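Good morning, and thank you for making time for this presentation. Please look at the sequence and the structure now being shown.

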Amino acid sequence: MSARRGGRGRNPKTPSDNPAPRSENYRQLRHPFEPQKVFSDDAIANIHAMALRVVEELGIKVLLPEARALYSSHGAIVDADSDMVRIGRDIIETALATAPRSIRLRAASTVREQAFEPGAMLFMAGAGCPNVTDHERGRRPGSLNDYEETI
């Protein structure tokens, strides 16, 4: 009778027979590709210029009085009668220049923390509860109250 080869009783003796365990960090995944450009650099510059023109000339309606006061204290033009706020491009450019490139998403365990930054791949819920089911009220469309209960 010949000796067995392979199978369940095999005893690996070489490193290639017993590969090292995978060490991929699945909590800090990075996107391996460059982002695809949907618009040209000129088109993006035009979109940005038009957005600046809209907030500077047309303005945005801000309903919260505390928010209007905050805008006003930082140099925005506030029309109290119409609740419209016009934000100068200098205010926006200053805000963009001081915005962080990376935001640390904190977790109860430091192992689960993630960095929200260009190139990071994050997997998370994108919205609230589209549908909700419980024993008392059954299945129904989700609401803000259901979302808050879920959290």
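Which strands does helix 2 lie across, and at about what angle does helix 2 run to strand 2? Helix 2, residues 65–73, lies across strand 1, strand 2 and strand 3, and its direction is at about 145° to strand 2. I should say at once that this is a predicted model.

Let me describe the sheet under that helix in terms of its strands. Three strands make up an open sheet with antiparallel pairing, and their order is 1-3-2. Strand 1 (60–61) and strand 2 (77–79) are the edge strands, each pairing on one side only. Between strand 1 and strand 3, residues 84–86, there are two bridges, and these two strands run antiparallel. Within this part of the sheet, Ile 60 is placed opposite Val 85 of strand 3.

Helix 1 also belongs in this picture. Helix 1 lies across strand 1 and strand 3, and it runs at about 125° to strand 3. One residue of helix 1 (residues 41–58) is Ile 44. Ile 44 contributes, together with Val 38, Phe 39 and Ile 47, to a nonpolar surface patch of about 420 Å². How can Ile 44 be part of a surface patch? Ile 44 has 45% relative accessibility and therefore counts as partly exposed; patch members need over 30%.

I turn now to the second region, a hairpin. Strand 6 and strand 7 form this hairpin, with three residues between them. The two strands run antiparallel and are joined by four bridges. Asp 134 has Gly 138 in strand 7 as its bridge partner.

The hairpin leads us to the charged side chains. How many salt bridges does the structure hold? The structure holds eleven. Five residues, Asp 134, Arg 137, Arg 140, Asp 146 and Glu 149, are linked in a network of salt bridges.

Consider Arg 140 in that network. Its side chain meets that of Asp 134 in a salt bridge, at 3.3 Å from N to O. Arg 140 also forms a salt bridge with Asp 146, where the closest N and O atoms are 2.9 Å apart. Are these residues buried or exposed? Arg 140 is buried because its relative accessible area is 16%, below the cut-off of 20%. Asp 146, at 5% relative accessibility, is likewise counted as buried. Asp 134, at 25%, counts as partly exposed.

A further salt bridge in the structure joins the side chains of Arg 137 and Glu 149, at 3.0 Å from N to O. This pair links distant parts of the chain, with the two residues twelve residues apart. Arg 137 sits in the loop between strand 6 (131–134) and strand 7 (138–141), while Glu 149 is in helix 4, residues 144–150. Arg 137 has 42% relative accessibility and so counts as partly exposed. Glu 149 is also partly exposed, with a relative accessible area of 47%.

To close, I return to the two regions. In the first, helix 2 lies across strand 1, strand 2 and strand 3, and helix 1 lies across strand 1 and strand 3. In the second, strand 6 and strand 7 form a hairpin, and Asp 134, Arg 137, Arg 140, Asp 146 and Glu 149 are linked by salt bridges. Thank you for your attention.

Technical notes. Residues numbered from 1 in each chain as written. Predicted model: local features only at pLDDT ≥ 70, side-chain atom pairs only at ≥ 80, totals over all residues. Heavy atoms only, no water. Salt bridge = Lys/Arg side-chain N within 4 Å of Asp/Glu carboxyl O. Buried < 20%, exposed > 50% of the residue type's maximum accessible area, 1.4 Å probe, protein only. Pairing = 2+ DSSP bridges. Patch = residues over 30% accessible without salt bridge, like charges linked within 9 Å, V, L, I, M, F, W, Y side chains within 5 Å. Areas by Shrake-Rupley, 256 points an atom, 1.4 Å probe, with all protein chains shown as cover. Contact = heavy atoms within 4.5 Å. Axes fitted to C-alpha atoms, helices over the stretch in contact; angles between N-to-C directions.
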